[in-house]
Amino acid sequence: MPVTVARFNLVAPGATPAELGARYRAALEMAAYADDRGVSTVQTEEHHGAVNNWLPSPFAFAGAVFGATRRVAVTVSAIIGPLHDPLRLAEEIAVLDLLSNGRLVTVAGIGYRPEEYALFGVDFARRGRLQDELLETLLKAWTGEPFPYRGRTVRITPRPFTDPHPLLLVGGSSRAAARRAARLGLPFFPSAHLPELEAYYKELLVEYGTEGWVMMPAAETPLLHVAEDPDGAWARYGQHFLHEARTYASWQSGGVRSAVKSAATTVEDLRAEGVYRILTPDACVALGLDSYVLHPLAGGMPLEEGWRSLQLFCEQVLPRLAG
């Protein structure tokens with residue numbers, strides 16, 4: 001059975017607070033519907049100061065999803081680690097882990113937007129050192145025992161539900177991220193299909209004498225939307241996918257590598273590229289992927305169309321994947 005993911009970043013360019021509230025509530029209803037029908041994971045993420053209302057508070061959203069669901073995991077992929085206070089983050093994740101009986105998965109990256117660091121007055125040049133401190137602090141805090149922190153002794157309660165600690169992965173597309181994960185014995189989550197980085201991480205596990213594993217996107221990891229008439233859906237809704245693709249492209253520069261990076265500048269280019277795909281239920285089943293990532297509310301997608309896509313996936317695709 002493939003892994004199935006419903007992704008929500010709550011982007012809605014130009015939305016009013018009332019419209020955003022309706023979108024947030026719809027996402028929770030969608031999560032509950034997906035959970036009832038056997039979708040594996042709800043995925044969310046973190047970005048700050050985006051004019052299109054990109055979700056800045058993934059743990060608040062995760063808590064709401066846990067309250068509306070019974071089985072589905074929530075993967076926060078990824079948090080921008082250096083923007084978080086380590087002790088407060090340890091508490092937040094511990095509470096969510098207890099609330100959900102261990103259904104929270106956190107991927108910690110360092111981000112790639114200097115603007116987000118500037119917003120919170122955090123030195124972008126220190127992000128690697130801050131990330132090291134964050135990860136080391138989380139692991140110590142979740143033991144429930146006193147430990148030294150910034151020149152004093154602290155103790156964090158409550159202890160999480162998951163033993164020895166909530167699932168925490170180190171995300172990134174750099175050798176530094178792989179080293180960080182291997183040194184701490186944490187799983188590694190490359191941000192794209194990077195077999196050479198996986199091999200480097202595994203070499204480092206031997207060097208450090210630690211244990212870990214890799215959760216890496218497949219070489220082909222399209223973001224999916226399901227429709228009975230893909231041509232019509234591209235014509236009506238393609239601009240929503242393009243908005244998200246262009247936003248990502250404007251943020252990712254230099255050596256940043258991502259499984260969903262797009263170079264498209266038009267809807268036609270985006271469709272040809274294949275990062276985003278609108279497919280019939282039959283074509284979706286025929287993909288034969290190890291993981292299916294449905295993106296029902298991409299780029300401000302109208303709620304009714306997001307519901308159509310999710311329902312088609314859950315009713316006409318998911319049962320056939322299980323078979």
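Reader: Where does Pro-158 sit in this model?

Author: Pro-158 is in the loop between strand S6 (152-154) and strand S7 (167-172). Keep in mind that the model is predicted.

Reader: What is the peptide bond from Thr-157 to Pro-158 like, and what is its omega?

Author: That bond is cis, with omega near 0 degrees. Another cis bond runs from Ser-77 to Ala-78, where omega is near 10 degrees. Ala-78 belongs to strand S3 (residues 73-80). As background, most peptide bonds are trans.

Reader: Which sign does phi have at Leu-10?

Author: Positive: phi of Leu-10 is near 60 degrees, and this residue is not a glycine. You'll find Leu-10 in the loop between strand S1 (3-7) and H1.

Reader: Why does Leu-10 count as buried?

Author: Buried means under 20% relative accessible area. Leu-10 has 2% relative accessibility, so it counts as buried.

Reader: And Asn-53, why is that one called partly exposed?

Author: The partly exposed class lies between the 20% limit for buried and the 50% limit for exposed. Asn-53 comes in at 23% relative accessibility, so it is partly exposed. Asn-53 also has a positive phi, about 70 degrees, although it is not a glycine. Its place is the loop between strand S2 (41-44) and H2.

Reader: Let's turn to helices. What makes H2 roughly parallel to H3?

Author: Helix H2 (residues 58-68) and helix H3 (residues 86-100) pack at an angle of about 10 degrees, and their axes are 10 Å apart. Angles under 35 degrees count as roughly parallel, so that is the label for H2 and H3. The crossing of H2 past H3 is left-handed.

Reader: Which residues make that contact?

Author: From H2 there are Phe-59, Gly-63 and Phe-66, while H3 brings Leu-89, Ile-93, Leu-96, Leu-99 and Ser-100. Sorted by class, the contact of H2 with H3 has 6 nonpolar residues, 2 polar and no charged.

Reader: Why is H1 called oblique to H2?

Author: Helix H1 (residues 17-36) packs against H2 at an angle of about 45 degrees, with the axes 9 Å apart. Roughly parallel needs an angle under 35 degrees, and roughly perpendicular starts at 65. The angle of H1 to H2 fits neither, so the pair is oblique. The crossing of H1 and H2 is right-handed.

Reader: Which residues meet there?

Author: Ala-27, Leu-28, Ala-31 and Ala-32 in H1 meet Phe-61, Ala-64, Val-65 and Ala-68 in H2. The contact of H1 with H2 has 8 nonpolar residues, with no polar and no charged ones.

Reader: How do you know that Trp-234 is buried?

Author: Its relative accessible area is 5%, and the limit for buried is under 20%, so Trp-234 is buried. Trp-234 is in helix H8 (residues 230-251). Setting aside neighbours within four places in sequence, its contacts include Phe-241, Val-267, Leu-270 and Tyr-276. Trp-234 and Glu-268 are 34 residues apart in sequence, yet 8.8 Å apart in space, C-alpha to C-alpha.

Reader: Which residues have the most contacts inside the largest nonpolar core?

Author: Phe-8 and Phe-313, in a core of 69 residues. The largest share of this core, 7 residues, comes from helix H11 (residues 303-322). Beyond its neighbours within four places in sequence, Phe-313 is in contact with residues including Thr-4, Val-39, Cys-284 and Leu-321. A separate core has 23 residues, among them Ala-227, Ala-233, Leu-270 and Ala-298.

Note on methods: Residues are numbered from 1 along each chain as its sequence is written. This is a predicted model: local features need pLDDT of at least 70, side-chain atom pairs count only at pLDDT 80 or more; totals for chains, interfaces and linings use all residues. Side-chain values use heavy atoms; hydrogens and water are left out. Axes are lines fitted to C-alpha atoms, for helices over the stretch in contact, and angles run from 0 to 180 degrees between N-to-C directions. Helices (H or I, at least four residues) and strands (E, at least two) are DSSP runs, numbered from the N terminus. Angles under 35 degrees count as roughly parallel, over 145 as roughly antiparallel, 65 to 115 as roughly perpendicular and the rest as oblique. A crossing is left-handed if the near helix is turned anticlockwise from the far one by less than a right angle, and right-handed if clockwise. Contact means heavy atoms within 4.5 Å. Ala, Val, Leu, Ile, Met, Phe, Trp, Tyr, Cys and Pro count as nonpolar, Asp, Glu, Lys and Arg as charged, and the others, Gly among them, as polar. A nonpolar core is a set of buried Ala, Val, Leu, Ile, Met, Phe, Trp, Tyr and Cys residues joined through side-chain atoms within 4.5 Å. Buried means under 20% relative accessible area, exposed over 50%, partly exposed in between (1.4 Å probe, protein chains only).
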